[in-house]
Amino acid sequence: MRSFDEYKELVESKLTSYLPECGEYASLLRDSMAYSLDVGGKRLRPVLLLAACDAAGGNVENALPYACAIEFIHTYSLIHDDLPAMDDDDMRRGKPSNHRVYGEAMAILAGDGLLNSAAELISEQALALEGDADSLFAHARAAHEIMKRAGASGMIAGQTADVTSEDKEATADLVRFIENHKTADLITAPVRAGMMLAKADAAMLEDFTTYANRLGVAFQILDDILDVEGDDKLLGKTLGKDADQGKCSYVNVHGMEAAKSELHRLTDEAKTAISKYENSKFFAELAESLERRDH
Ligand code: GRG
């Protein structure tokens, strides 16, 4: 296994090179996509994909296009989330959000372009395969995993529940639906896809799915905590929006103290799920560092 920063460097060394050329009349589209990819970010999701693949004995270099594809999808979701029709945010990753630089039309197109480019990148991998039927199947499973969890029964369903939550009674069930889909699905997808590419066995896949889900829900709960108690300079975005917009968050429904203890409980559950595996240290330390994160 490599370190988090080594996986991250690998991702960043290739990320923008996977963007398609858009042609002379659409170079602004490529600039707009590259702007949001380049402004930084933790690269949590692609690192998880590479680490999961590595932990299950797979080939990290072959998994790299999948890792970059998941970062494309994550970045598109942030660009669209910042639009006035959604969360209406002027800042992202400490810089002006995409539509503040390129305008709303170009931000919509950049999001569309990144999502589609992710699908292109993933399917190109399968086309380039010269392996056996087993490897082709592994790639198809990983591709399906990513597109499904990013899709209308996954992240987009979560986002829908979130943007319509202002008009609904905030319940524990609704909060967990939003956490599971808006956030945890895009953290579970890379872990499962990485494992699938490495042809991990069913028991390992299940244990790491539990790990990733708990990590993802904990990630969202801490996001809600930081929205109240965080530092806007460190976070690089506007805070206090959940309360202002009457959003359904764990903190709003259960209170701050309960949110903190749930964050801790979920982090423990994530670590326990994978503790018996040889490379559990990387994943346990990652869960602990995410529990402590301030941005
Ligand atoms: C537009 C379909 C659609 C979905 C948007 C990701 C998302 C769904 C909305 C963004 C708002 C939000 C609070 C999402 C929860 C997940 C989350 C905390 C995303 C930010 O992820 P980080 O912290 O971001 O990994 P960086 O910038 O580090 O990559």
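The radius of gyration used here is taken over C-alpha atoms, and the globule rule is 2.2 Å times the number of residues to the power 0.38. The exercises below concern a predicted model.

**Exercise 1. Overall form of the chain**

Determine what the radius of gyration of the chain indicates when set against the rule for a compact globule.

*Solution.*
Step 1. The chain has 295 residues, for which a compact globule would have a radius of gyration near 19 Å.
Step 2. The value for the chain is 18 Å, which agrees with that expectation.
Step 3. For the dimensions, the C-alpha trace spans about 55 × 55 × 30 Å along its principal axes.
Step 4. In secondary structure, the chain comprises 15 helices and two strands.

**Exercise 2. Interior and surface**

Describe how the residues of the chain are buried and what share of its contacts joins distant sequence positions.

*Solution.*
Step 1. Of the 295 residues, 52% are buried.
Step 2. Among contacts with a separation of 6 or more, 73% are made by residues 24 or more positions apart.
Step 3. The accessible surface of the chain amounts to about 13200 Å², and carbon and sulfur atoms contribute 50% of this area.

**Exercise 3. The surroundings of the ligand**

Establish which residues and helices form the shell around the ligand, and which polar side-chain atoms approach its oxygen atoms.

*Solution.*
Step 1. The ligand is surrounded by 17 residues, of which K42, R45, H74, R93 and Q220 are the closest.
Step 2. By class, the shell contains four nonpolar, seven polar and six charged residues.
Step 3. At least two shell residues come from each of α4 (60-82), α8 (155-163), α9 (172-197) and α10 (202-229). The greatest contribution is that of α4, with six residues.
Step 4. A polar side-chain atom of R93 is 2.7 Å from an oxygen atom of the ligand. For R45, a polar side-chain atom lies 2.8 Å from a ligand oxygen atom. An N or O atom in the side chain of H74 is likewise 2.8 Å from an oxygen atom of the ligand.
Step 5. On its own, the ligand has 690 Å² of accessible area, and the protein covers 92% of this.

**Exercise 4. Residue S97**

Decide whether S97 is buried or exposed, and identify its contacts beyond its sequence neighbours.

*Solution.*
Step 1. S97 is located in the loop between β2 (95-96) and α5 (98-102).
Step 2. The cut-off for a buried residue is under 20% relative accessible area.
Step 3. The relative accessible area of S97 is 1%, so S97 is buried.
Step 4. Apart from neighbours within four places in sequence, S97 is in contact with D82, D89, D90, M91 and R92.

Note on methods. Residues are numbered from 1 along each chain as its sequence is written. This is a predicted model: local features need pLDDT of at least 70, side-chain atom pairs count only at pLDDT 80 or more; totals for chains, interfaces and linings use all residues. Side-chain values use heavy atoms; hydrogens and water are left out. A residue is near a molecule or strand if one of its heavy atoms lies within 4 Å of it. A polar contact is a pair of N or O atoms within 3.5 Å; within protein, one must be able to donate a hydrogen and the other to accept it, and residues adjacent in sequence count only if both atoms are side-chain atoms. Accessible areas come from the Shrake-Rupley method with a 1.4 Å probe; for residues, only the protein chains shown count as cover. Helices (H or I, at least four residues) and strands (E, at least two) are DSSP runs, numbered from the N terminus. Ala, Val, Leu, Ile, Met, Phe, Trp, Tyr, Cys and Pro count as nonpolar, Asp, Glu, Lys and Arg as charged, and the others, Gly among them, as polar. Buried means under 20% relative accessible area, exposed over 50%, partly exposed in between (1.4 Å probe, protein chains only). Contact means heavy atoms within 4.5 Å.
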